[in-house]
Structures are given as C-alpha cells and as structure tokens.
Amino acid sequence: MASSEAPDRRGDDDTGLVAAARAVRRQWIALVATFVVLAVGGGAYVALLPVQYQATAVVSFVPSAGDSSGRDLVALLAQRYPEIVASTDSVKQAATASGLSESEVQAGLSAAIQPGSLNMLLTVKAPTPEQADAAVDSLYKTTLKANEGDTNIKAVAVSAPSASSTPAGVPKKILYAAVVLLAAMVAVVVALIVDQFRSEGRG
C-alpha cells in the first residue's frame with residue numbers, strides 16, 4: 001500500500017533560514033548602516049513630538065422642570081452646545097484663562113454629544129496639565145452659563161473638569177520600541193536585497 005504521507009519540508013525551511021542568515025551576515029555593513037539611519041531618524045522624530053496633556057469634563061442634558069420633551073427632542077436641542085463651546089467667543093475666553101493662544105485651544109479642543117446618550121464630553125489637550133485644566137474649566141463654565149437662559153433643557157454637571165497627570169496618546173517608550181523594531185526589520189530586508197543583487201552581479 002502506497003504511503004500518503006506528505007513530504008517533510010523542514011529541511012528546506014532550515015536551509016532557507018540558514019541561507020538568509022548567511023546573507024545577512026555577509027551584508028552586515030548594509031544591515032548596520034540601515035538600522036542606524038532608521039533608528040536615529042525615527043528616534044529623533046519621536047523625541048520632537050510635542051507632549052500633550054488632556055483635561056475633560058462631562059455635562060448631561062435633561063428636560064427642564066415641568067417640560068415634557070422626549071429624549072429625542074432633548075438630544076436635538078443639546079446639539080447646539082458643542083457649537084457654543086467651539087464658538088470664537090468661547091475659545092477666546094478659554095485661551096485667556098489658560099494662557100494658550102486661540103489656535104492652540106482650537107487645535108486641542110473636542111466637544112461632542114456622545115452617541116446613545118445625552119452627555120456632552122469636553123476635551124482639551126495642551127502642553128501642560130494646568131493649561132488643559134484651565135481651558136476646559138472655562139469652556140465648562142461657558143456651557144453652564146449659556147444654559148441658564150434655556151427654557152427647554154437643563155445642563156447637569158456629571159464630571160467636573162479634571163486634567164490627567166500623564167501625557168495623552170501613545171507613551172514615547174512604546175514609540176521608541178516600535179522605531180527600533182521597524183528599523184531592525186527593514187535593515188534585514190535591505191541586507192537580503194543587497195546580497196541578492198551582488199550574487200546576481202557575480203553570476
């Protein structure tokens with residue numbers, strides 16, 4: 001009875017890996033040069049990335065006392081508050097309170113009604129926790145003040161302004177590690193390509 005076992009290709013795989021390792025070893029100069037250029041360049045880019053701190057506040061909207069407005073109507077009426085927060089006057093006040101420029105406040109500002117809720121999340125990113133906290137506090141107060149004359153919905157503070165003591169976004173240590181890993185992978189590929197070209201040239 002004929003054997004139906006598949007051929008063992010582990011020897012071929014081992015041979016391929018050994019050949020690749022030898023190729024990389026032969027082209028160690030290209031390997032090291034590529035790694036150094038990419039690692040230094042990538043590391044410098046990460047080092048120059050600005051550090052940003054984030055402060056947040058949450059305001060919820062409910063029908064005013066004695067108002068029978070349904071949830072959908074409240075959600076519709078609440079949509080004007082993110083526009084108030086992002087208005088020129090609001091941004092200017094936040095800039096004055098935080099010591100940031102108006103463009104910096106606008107660049108770091110996010111205000112939106114969260115999907116499936118009646119909560120508005122206010123977020124500001126700034127170079128320091130204090131600046132982020134001062135800016136979001138100003139916008140938070142602007143929201144509550146604007147709501148004073150609203151007879152249809154009432155703004156309720158859910159989470160007072162607070163700033164994080166750690167930078168927002170991906171930690172730089174992780175970015176540095178990613179740069180090193182990517183540089184190593186690209187360096188190996190470049191070494192293999194260089195070895196291939198040189199082998200063909202010798203052939």
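This is a short walking tour of the structure, stop by stop, with something to select at each one.

**Before you start**

You're looking at a predicted model, where local features need pLDDT of at least 70 and side-chain atom pairs count only at pLDDT 80 or more, while totals for chains, interfaces and linings use all residues. Residues are numbered from 1 along each chain as its sequence is written, and side-chain values use heavy atoms, with hydrogens and water left out.

**Stop 1: the whole chain**

Show everything as a cartoon. The protein has eight helices and four strands; these are DSSP runs numbered from the N terminus, with helices being H or I of at least four residues and strands being E of at least two. Follow the chain from the N terminus and the elements go α-α-β-α-α-α-α-β-β-α-β-α. Of the 203 residues, 29% count as buried. Here buried means under 20% relative accessible area, exposed means over 50%, and partly exposed is in between (1.4 Å probe, protein chains only).

**Stop 2: helix H2**

Select residues 28-48, which make up helix H2. With 21 residues at 1.5 Å each, H2 should span 30 Å, and its end C-alpha atoms are indeed 30 Å apart. (The expected span is 1.5 Å times one less than the number of residues.)

Now color Ala30, Thr34, Ala39, Gly42, Gly43 and Val46, the buried residues of H2. Look down the axis of H2: these buried residues fall within an arc of 165°, so they line one face of the helix. The arc is taken from the directions that run from the helix axis to the C-beta atoms. On the face of H2 turned away from that buried side, pick out the exposed residues Ile29, Val37, Val40 and Leu48.

**Stop 3: where H2 begins and H8 passes**

Click on Trp28, in H2. Is Trp28 buried or exposed? Its relative accessibility is 52%, so Trp28 counts as exposed. Draw a line from Trp28 to Ala187: they sit 159 residues apart in sequence, yet 9.4 Å apart in space, C-alpha to C-alpha.

Next, select helix H8, residues 172-202, where you'll find Val194. Val194 counts as partly exposed because its relative accessibility is 21%. Between Val194 and Arg26 there are 9.8 Å from C-alpha to C-alpha, and the two are 168 residues apart in sequence.

Ala191 is in H8 too. With a relative accessible area of 0%, Ala191 is buried. Its C-alpha is 5.5 Å from that of Gln27, although Ala191 and Gln27 are 164 residues apart in sequence.

**Stop 4: the largest nonpolar core**

Show Phe61, Met120, Leu122 and Leu139 as sticks; of the 28 residues in the largest nonpolar core, these touch the most other members. Such a core is a set of buried Ala, Val, Leu, Ile, Met, Phe, Trp, Tyr and Cys residues joined through side-chain atoms within 4.5 Å. The elements giving two or more residues to this core include strand S1 (53-63), strand S3 (119-126) and helix H7 (129-147). H7 supplies the largest share, five residues.

**Stop 5: helix H5 and the loop after it**

Which residues of H5 are buried? They are Ser90, Val91, Ala94, Ala95 and Ser98. Seen down the axis of H5, they fall within an arc of 135°, so they line one face of the helix. Turned away from the buried side are the exposed residues Thr88, Asp89 and Thr96.

Then step to Leu100, in the loop between H5 and helix H6 (102-108). Leu100 is buried, at 8% relative accessible area. From there, Ala135 is 8.3 Å away, C-alpha to C-alpha, and 35 residues away in sequence.

**Last stop: the largest pocket**

Select Leu49, Pro50, Val51, Gln52, Lys125, Pro167, Ala168, Gly169, Val170, Pro171, Lys172 and Leu175, which line the largest pocket. A pocket is an open set of points on a 1 Å grid over the protein atoms alone where a 1.4 Å probe fits, with protein on both sides within 12 Å along at least five of seven lines; lining residues have an atom within 4 Å of a point. About 240 Å³ of space lies in this pocket, counted as the space filled by probe spheres set on the points.
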